[in-house]
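Let's take a friendly walk through this model, beginning where protein meets DNA and ending in the protein interior. Please keep the sequence and the 3D view open as you read.

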Protein chains: 2
Amino acid sequence: MTIKLKSKTATADEIALQLTEAIHTHRLNPGAKLREDEICDIFQVSRTIVRQSLHSLQHKGLVTILRNKGAFVAKPTLKEAREVFEARSLIEPAMARAAALRATPEDVAFLEDHMKAEKDALDREEVGEALRLSGDFHVQIARIADHNLIEALLAQLVARSALIIALYWRRRNALSDSSSHLGLVNALRDRDADGAEEIMKGHLLDLLMQLDLRDSPTGPVSLKDALKK
Amino acid sequence: MTIKLKSKTATADEIALQLTEAIHTHRLNPGAKLREDEICDIFQVSRTIVRQSLHSLQHKGLVTILRNKGAFVAKPTLKEAREVFEARSLIEPAMARAAALRATPEDVAFLEDHMKAEKDALDREEVGEALRLSGDFHVQIARIADHNLIEALLAQLVARSALIIALYWRRRNALSDSSSHLGLVNALRDRDADGAEEIMKGHLLDLLMQLDLRDSPTGPVSLKDALKK
DNA sequence: TAGGCATACATTGTATACGATTTAAAACTT
DNA sequence: AAGTTTTAAATCGTATACAATGTATGCCTA
């Protein structure tokens, strides 16, 4: 899928956002090289701007920059993958609880729309987009909980989760368990803080279970890479 | 012994680290302007490098960059301050627990040395340095817990906490409650996971209590600032 | 003299040029 | 022909030059 932009100059943030979405929807896979000149051509900006966005993404853990070698979409190790989900397990249940205590009817309606958009994307077989929306759902919970810091942090963790899913997803058929999201929305509507917290806890555990985080070294590696040195 | 005469050019990371330490020890206060040329002169590097480090610090939440106006040491709002400590309260007790289960005798010895260094700094009345060490203690717990992701995250939160302390510290006399740290080390030595978790929880609560995070708008504001716009 | 306007200065933002390093390719040797 | 050295190309890192923006100064007018 081509990444197009308006004729006027793009900002570093816009480029970073587009790259993030491409990663999130698996149009860009872990390990993919991000050559500066190539991105310059696509967005019609100087390398200065491109480098800003790449560094930005590096800080967020989505990109790995090797000195004098270039920028690559990050390839989380098994340990990093576990750590991401451990961190999420520490944070998100509390966010679900806080969200349940604060959610307005508008918030609930928003989440319902959000879930519908996800379902529509799945019906259209836009798997990547569905995955992105599914992750964004979690970020929205933090937004409803009115916790900006964790919202930003969670956005990073969710984006990294997309990388992890790309690397360690077990089966390609069953995608997301939307029933958890539905239950969460219901709990929010009912102001059921305990319920929301528990559902979130279980939901993250479910996600983790669907990943293959055993000690197999690095997952799918190209033969070329494996033999390189 | 020969001394390196070659004026080794500082890297962006080194500059960022020095600025971070200056912030951590309160040699740089919230709101301080960080002019690029000035930093260039100090470290004898081009603006390219300085801008890299400033952007890096912005991503970490220590610096705020206003377009066309420049970089300033961040000034956390009351809400942001609360969020930092809420996030720490979600994360750190779990780290204390994990650390208690993993701590080796070497780890315990290291923490004891660390506490002694903090005490020495206090005795020498190097308040800023003591504060920095006190914060780093928490980061070391995450390191012992062998959780790299949270260790990095916590380093950011601790650095931001230094800003918060600079802004919202209640009384200038009583500094840190070293008894909590001592208790924590003992719990780690005893492999007392529950105890470590509880002590950490209480310790963070104590810290929070010593801050003035009531709804007074932004804490210490000058009349001049208040009328500025 | 106070306020508004215009100009000059200071600082930041972006693009480009140049040097350093890596990667790929070619030529050479054994 | 395989391996090694040499050469060239591609790519990244840093410094610098220039443009855009913001800030301060002085002048003019009422």
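## Around DNA strand D

The surface near DNA strand D consists, by class, of 1 nonpolar, 6 polar and 8 charged residues. Here Ala, Val, Leu, Ile, Met, Phe, Trp, Tyr, Cys and Pro count as nonpolar, Asp, Glu, Lys and Arg as charged, and the others, Gly among them, as polar. This is a predicted model, in which local features need pLDDT of at least 70 and side-chain atom pairs count only at pLDDT 80 or more, while totals for chains, interfaces and linings use all residues. Residues are numbered from 1 along each chain as its sequence is written, chains are lettered from A and ligands numbered from 1 in the order in which they are written, and side-chain values use heavy atoms, with hydrogens and water left out.

A residue is near a strand if one of its heavy atoms lies within 4 Å of it. In total, 15 residues surround DNA strand D, and the closest are A:Arg47, A:Arg51, B:Ser46, B:Thr48 and B:Lys69. Of the atoms of DNA strand D that come within 4 Å of the protein, sugar and phosphate make up 76%. Helix H3 (47–59) of chain A and helix H3 (47–59) of chain B each supply at least two residues of this surface, and H3(B) gives the most, with 3 residues. Helices (H or I, at least four residues) and strands (E, at least two) are DSSP runs, numbered from the N terminus.

## Around DNA strand C

Which residues come nearest to DNA strand C? Of the 16 residues around it, they are A:Ser46, A:Thr48, A:Lys69, B:Arg47 and B:Arg51. Sugar and phosphate account for 71% of the DNA strand C atoms within 4 Å of the protein. The class count for this surface is 1 nonpolar, 6 polar and 9 charged residues, and its largest share, 4 residues, comes from H3(A).

Some polar contacts (pairs of N or O atoms within 3.5 Å) to both DNA strands are listed below.

| Protein atom | DNA atom | Distance |
|---|---|---|
| A:Arg51, polar side-chain atom | strand D, phosphate oxygen | 2.3 Å |
| B:Lys69, polar side-chain atom | strand D, phosphate oxygen | 3.4 Å |
| A:Glu36, polar backbone atom | strand D, phosphate oxygen | 3.4 Å |
| A:Ser46, side-chain N or O atom | strand C, phosphate oxygen | 2.5 Å |
| B:Arg47, polar side-chain atom | strand C, base nitrogen | 2.9 Å |
| B:Asn68, backbone N or O atom | strand C, phosphate oxygen | 3.3 Å |

## A residue of helix H3

A:Gln52 is found in helix H3 of chain A. Is A:Gln52 buried, partly exposed or exposed? A:Gln52 counts as partly exposed because its relative accessibility is 29%; buried means under 20% relative accessible area, exposed over 50%, and partly exposed in between (1.4 Å probe, protein chains only). Leaving out residues up to four places away in sequence, A:Gln52 touches A:Ala12 and B:Arg51, where contact means heavy atoms within 4.5 Å.

## Sheet and core

In chain A, 3 strands form an open antiparallel sheet in the order E1-E3-E2. Strand E1 (33–34) and strand E2 (63–66) are the edge strands, each pairing on one side only. E1(A) pairs with strand E3 (residues 70–73) over 2 bridges; two strands pair if DSSP finds at least two bridges between them. A:Lys33 has A:Phe72 in E3(A) as its bridge partner.

The largest nonpolar core has 86 residues, and A:Ile141 and B:Ile141 have the most contacts inside it. Such a core is a set of buried Ala, Val, Leu, Ile, Met, Phe, Trp, Tyr and Cys residues joined through side-chain atoms within 4.5 Å. Beyond four places in sequence, B:Ile141 touches residues including B:Met95, B:Leu111 and B:Met200.

Notes
A polar contact is a pair of N or O atoms within 3.5 Å; within protein, one must be able to donate a hydrogen and the other to accept it, and residues adjacent in sequence count only if both atoms are side-chain atoms.
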